[in-house]
Amino acid sequence: AGNKSLQAKASLFAENTRPIIESIQQSGIETLQGIANALNTRGIRTPRGARWYAASVSQVLSRT
């Protein structure tokens, strides 16, 4: 049950973050690192409150 709860939270976070990432992509930033930099600049944190990296962006994109 605990694992399912964590997966559900991660999926919800990814769904909520996806429109922000799409907005960044529409502004012309296409690389994963570029998207991570834009999220960090906007003050948006990962679910654990950390900075974004290319790998974390990739994980969100693979969830949605």
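In the predicted model, the cover over the buried residues of helix α3 includes helices α1 and α2 (32-41). Helix α3 spans residues 54-63, and its buried residues are S56, V57 and V60. These three cover an arc of only 100° around the axis, which places them on the same side of α3. The face turned away from this buried side carries the exposed residues A55, Q59 and S62. One side of α3 thus holds S56, V57 and V60, while the opposite face holds residues that are exposed.

Two of the buried residues of α3, V57 and V60, also belong to the largest nonpolar core. This core has 10 residues in all: A14, I21, I24, I35, A36, A38, L39, W52, V57 and V60. Helices α1, α2 and α3 are the elements that give two or more residues to the core. The largest share, 4 residues, comes from α2. In soluble globular proteins, nonpolar side chains tend to be buried together. Leaving aside residues up to four places away in sequence, V60 touches A14, T17, I21 and W52. Of these partners, A14, I21 and W52 are listed among the core residues.

Helix α1 (residues 2-26) also contains a charged pair, R18 and E22. Side chains of opposite charge can pair when their charged atoms come close. R18 forms a salt bridge with E22, in which the closest N and O atoms are 3.2 Å apart. The count for the model comes to 1 salt bridge. The two residues lie 4 residues apart in the helix, about one turn. An α-helix has 3.6 residues a turn, so residues three or four places apart point the same way. R18 counts as partly exposed because its relative accessibility is 23%, and E22 is likewise partly exposed, at 34%.

At the level of the whole protein chain, the secondary structure comes to 3 helices and 0 strands, following the pattern α-α-α along the sequence. The C-alpha trace spans about 40 × 20 × 15 Å along its principal axes. The radius of gyration is 12 Å, which agrees with the value near 11 Å that a compact globule of 64 residues would have. Of the 64 residues, 23% count as buried. Among contacts between residues at least 6 apart in sequence, 43% join residues at least 24 apart. The chain exposes about 4300 Å², and carbon and sulfur atoms supply 52% of this area.

Technical notes:
Residues numbered from 1 in each chain as written. Predicted model: local features only at pLDDT ≥ 70, side-chain atom pairs only at ≥ 80, totals over all residues. Heavy atoms only, no water. Salt bridge = Lys/Arg side-chain N within 4 Å of Asp/Glu carboxyl O. Buried < 20%, exposed > 50% of the residue type's maximum accessible area, 1.4 Å probe, protein only. Arc of directions from axis to C-beta. Contact = heavy atoms within 4.5 Å. Core = buried A, V, L, I, M, F, W, Y, C linked by side-chain atoms within 4.5 Å. Rg over C-alpha atoms; globule rule 2.2 N^0.38 Å. Areas by Shrake-Rupley, 256 points an atom, 1.4 Å probe, with all protein chains shown as cover.
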